[in-house]
Amino acid sequence: MTDLPQQMPEPEPISHETPAAQAPVSLEEVVITPSPAPEPEENLLFQQFIAPPPPAPPERIPNIGHLGILALLVLSGLFTAIILAQVAIHYHLFGISAIEKAATDLHYILGTEGVIYVVAFAGSVLLFPLLWHKSFFAGVQWNFNSAMRHAGYLLGAALACFGLAIVNGLLLPGPQDAPIDKMFRAPGAAWLLFAFGVTVAPFFEELAFRGFLLPSLATTFDWAVERSTGRLPLPLHHNGHPRWTLPAMVTASLSSSLVFALLHAEQTGYSLGPFLMLTCVSGVLCAIRLLTRSLAASVIVHACYNFLLFSLMFLGTAGFKHLENI
């Protein structure tokens, strides 16, 4: 007998009802899962405003702008000195009744310098702390403690400059009748110049040349190199003062020394020997200022150097009694 094929089971009918229709679900049973927020697209238009700004370059003081302000203060002092000199001439002070005579009179010459120094210094003390956000003497790196720590070296530097002046006088002597020699021969001028030359002059000359001119030129040199090469500026010293590259310090020292010698050239009759000597002495003062990071140090060397020169003159003229020996 042949087996009959088994009967296939009939498929169950497909229900077209949704599960919700079959079994209602309450709201409490519904769990809503929040979808993650889409990541914001990068907005290239405002990216430069969102990025943090680059760090500001270190503020180096004094700079060339501060030197310009000092020059304006010096001009104000000169204007004040001219007015005071006109008043003094009007009242025949020191027997002077004409501006031509005042230009060669020691009292008017030193008085004019003194007024310029006082006006410029007073304006500097009042103005620069507002720009620097530190005291004036801190801004020019006075640093008297550093000068005291190097007192022996400072005295040695003054003696070296004094020896250089003696050698220079022997090898390249200046003219016999230079304007500075004529000033010394005036009655009472030697002692007045002695006092002025070892106190007032060293302080204010160092303040102008080694306090403002030298650092301003060094900063300007490094700034120009940084702009042309893209090199980053050197970080400030731990006390907030600028650092300079060696080429900047050499260039600034040479430039400021030439200016220093030129401003004194008239006193020595524009003679080559004294000009070279003043340039070298100024170079030593620049090195002292840079190595010790102290303006007070260069002031001390300058004052001691002038004291030695005046002392030699004192001995050579028997106490300023024989000034014809100069």
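Helices (H or I, at least four residues) and strands (E, at least two) are DSSP runs, numbered from the N terminus. The model is predicted: local features need pLDDT of at least 70, side-chain atom pairs count only at pLDDT 80 or more, and totals for chains, interfaces and linings use all residues. Residues are numbered from 1 along each chain as its sequence is written, and side-chain values use heavy atoms, with hydrogens and water left out.

**Exercise 1. Place Leu 172 and state its exposure.**

Step 1. Leu 172 sits in the loop between H8 and helix H9 (179-184).
Step 2. Buried means under 20% relative accessible area, exposed over 50%, and partly exposed in between (1.4 Å probe, protein chains only).
Step 3. Leu 172 has 38% relative accessibility, so it counts as partly exposed.

**Exercise 2. Describe the nonpolar surface patch that includes Leu 172.**

Step 1. Patch residues have over 30% relative accessible area and no salt bridge; nonpolar side chains (Val, Leu, Ile, Met, Phe, Trp, Tyr) are joined within 5 Å. A salt bridge puts a side-chain nitrogen of Lys or Arg within 4 Å of a carboxyl oxygen of Asp or Glu.
Step 2. The members are Ile 166, Val 167, Leu 170, Leu 171, Leu 172, Leu 272, Leu 276 and Leu 312. Together they offer about 770 Å² of accessible area (Shrake-Rupley method, 1.4 Å probe; for residues, only the protein chains shown count as cover).
Step 3. Helix H8 (151-171) and helix H13 (272-292) are the elements giving two or more residues. H8 supplies the largest share, four residues.

**Exercise 3. Summarise the chain's fold elements and burial.**

Step 1. Count 14 helices and zero strands.
Step 2. Of the 326 residues, 35% are buried.

Methods. Patches are made of residues with over 30% relative accessible area and no salt bridge: like charges are joined within 9 Å, nonpolar side chains (Val, Leu, Ile, Met, Phe, Trp, Tyr) within 5 Å.
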